[in-house]
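Let's take a walk through a structure together, one chain at a time. Keep the picture open while you read.

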Amino acid sequence: MNITQAELANLIKVSRQTINSIEAGKYVPSTVLALKLAKLFAKPVEEIFDLEDED
Amino acid sequence: MKTLFLLPTKFNRIGWVTFLIFLVLGIYTTFMGFKIPGFQIYHTNEPGSADYNLTDEFAFLGIIIGLLMISFARHVNEDELISKVRLESWQWAVIIHYVLLLIINFTTYGFGFVFTVTFNSFTLLLVYIIRFNYSLFMLKRGLAE
């Protein structure tokens with residue numbers, strides 16, 4: 001599914017900085033946001049996010 | 001997501017205007033020895049005792065209210081990342097405020113102490129505003145690459 005960060009941000013109603021920070025691994029989204037992303041991409045949450053070794 | 005206790009976005013502008021106006025008033029009052037000829041807000045006490053000049057008190061009030069309005073104004077895009085940035089900014093502000101306060105505690109005495117502690121109360125809000133906007137600026141810069 002090919003959309004830009006800005007379009008994705010608009011679809012889930014967050015800022016582009018948020019999407020960028022999530023992709024860069026600098027920000028861990030809330031559960032609600034993670035579920036919204038999963039629903040948008042029609043994939044389970046675990047395929048989009050996984051636990052780091054430190055967690 | 002619960003929205004925090006925030007004012008509408010236009011208060012950012014109103015806050016800056018208020019802050020700057022009263023900052024100028026405050027600096028001017030201090031320079032003129034707390035008495036500006038022709039412009040003083042008086043609160044008279046019992047007859048026979050000295051008049052109370054409240055100009056500097058109002059300048060202080062205006063500065064604080066202006067800074068508060070800037071601090072608590074809603075951003076255009078309030079989402080969870082901004083909430084996290086706000087929290088971190090407040091933490092920085094509180095810590096720096098207290099570090100400065102403790103330094104002031106040992107380096108000034110008497111009237112000088114009161115004077116500097118008064119100005120230190122601005123530090124809390126100023127550090128918050130600076131740190132918050134700096135974090136937002138760094139995030140925006142990260143986007144541009």
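Which residue just after α2(A) takes a positive phi? That residue is A:G25, with a phi of about 80°. Before going further, keep in mind that this is a predicted model.

## Chain A at a glance

Chain A is built with four helices and zero strands, so reading along its sequence gives you the pattern α-α-α-α. Its radius of gyration is 11 Å, close to the 10 Å that the globule rule gives for 55 residues, so chain A is as compact as a globular protein of that length. If you boxed up its C-alpha atoms along the principal axes, you'd need roughly 30 × 25 × 20 Å. Of the 55 residues, 20% count as buried.

How confident is the predictor here? Chain A averages a pLDDT of 84, and 96% of the residues score at least 70. Confidence in chain A is lowest in helix α1 (residues 5–12), at a mean of 83, and highest in α3(A), at 88.

## A covered helix and two odd loop residues

Now look at α2(A), which is mostly covered: six of its eight residues are buried. The buried ones are A:Q17, A:T18, A:I19, A:N20, A:S21 and A:I22.

The loops of chain A hold something worth a look, too. Most residues other than glycine have a negative phi. A:K13, in the loop between α1 and α2 of chain A, goes the other way, with a phi near 65°. A:A42 also has a positive phi, of about 60°, although it is not a glycine; you'll find A:A42 in the loop between α3 and α4 (45–48) of chain A. Are these two buried or exposed? A:K13 counts as exposed because it has 11 C-beta neighbours inside 10 Å, where the cut-off for exposed is 12 or fewer. A:A42 is exposed as well, with 7 other C-beta atoms within 10 Å.

## Where the chains meet

How many residues of chain A are in contact with chain B? There are 12 of them, and they meet nine residues of chain B. On the chain A side, the elements that give two or more residues are α2 (16–23) and α3 (31–41). The most come from α2(A), with five residues. Sorted by class, the side of chain A that touches chain B has five nonpolar, six polar and one charged residues.

## Chain B and its two domains

Chain B mixes things up a bit: it has four helices and two strands, arranged along the sequence as α-β-β-α-α-α. Buried residues make up 17% of its 145 residues. Take the contacts in chain B between residues at least 6 apart in sequence: 72% of them join residues at least 24 apart. For one pair of residues far along the chain from each other, try B:P8 and B:A73: they are 65 residues apart along the chain, yet their C-alpha atoms are separated by 5.7 Å. B:P8 is in the segment before α1 of chain B, and B:P8 counts as exposed because it has 9 C-beta neighbours inside 10 Å.

The domain assignment splits chain B into domain 1 (6–74) and domain 2 (77–145). Six residues of domain 1 are in contact with six residues of domain 2. On the domain 1 side, that's four nonpolar, one polar and one charged.

## The nonpolar cores

In soluble globular proteins, nonpolar side chains tend to be buried together. Which residues touch the most other members of the largest nonpolar core here? In this core of 14 residues, they are B:F19, B:F22, B:I63, B:L67, B:I70, B:V85 and B:Y128. The elements giving two or more residues to this core are α1 (11–31), α2 (55–72), α3 (80–107) and α4 (110–144) of chain B, and α2(B) gives the most, with five. Both domains take part: the core draws at least three residues from each of domain 1 and domain 2 of chain B.

Zoom in on B:F22 and, not counting residues up to four places away in sequence, you'll see it touch B:A59, B:G62, B:I63 and B:G66. There's also a second, separate core of five residues, and among its members are A:V14, A:I22, A:L33 and A:L37. You've already met A:I22 as one of the buried residues of α2(A).

Methods: Residues numbered from 1 in each chain as written. Chains lettered and ligands numbered in written order. Contact = placed C-beta atoms within 7 Å. Nonpolar A, V, L, I, M, F, W, Y, C, P; charged D, E, K, R; others polar. Domains from an automatic or database assignment. Core = buried A, V, L, I, M, F, W, Y, C linked by C-beta atoms within 7 Å. Rg over C-alpha atoms; globule rule 2.2 N^0.38 Å. pLDDT = per-residue confidence, 0-100.
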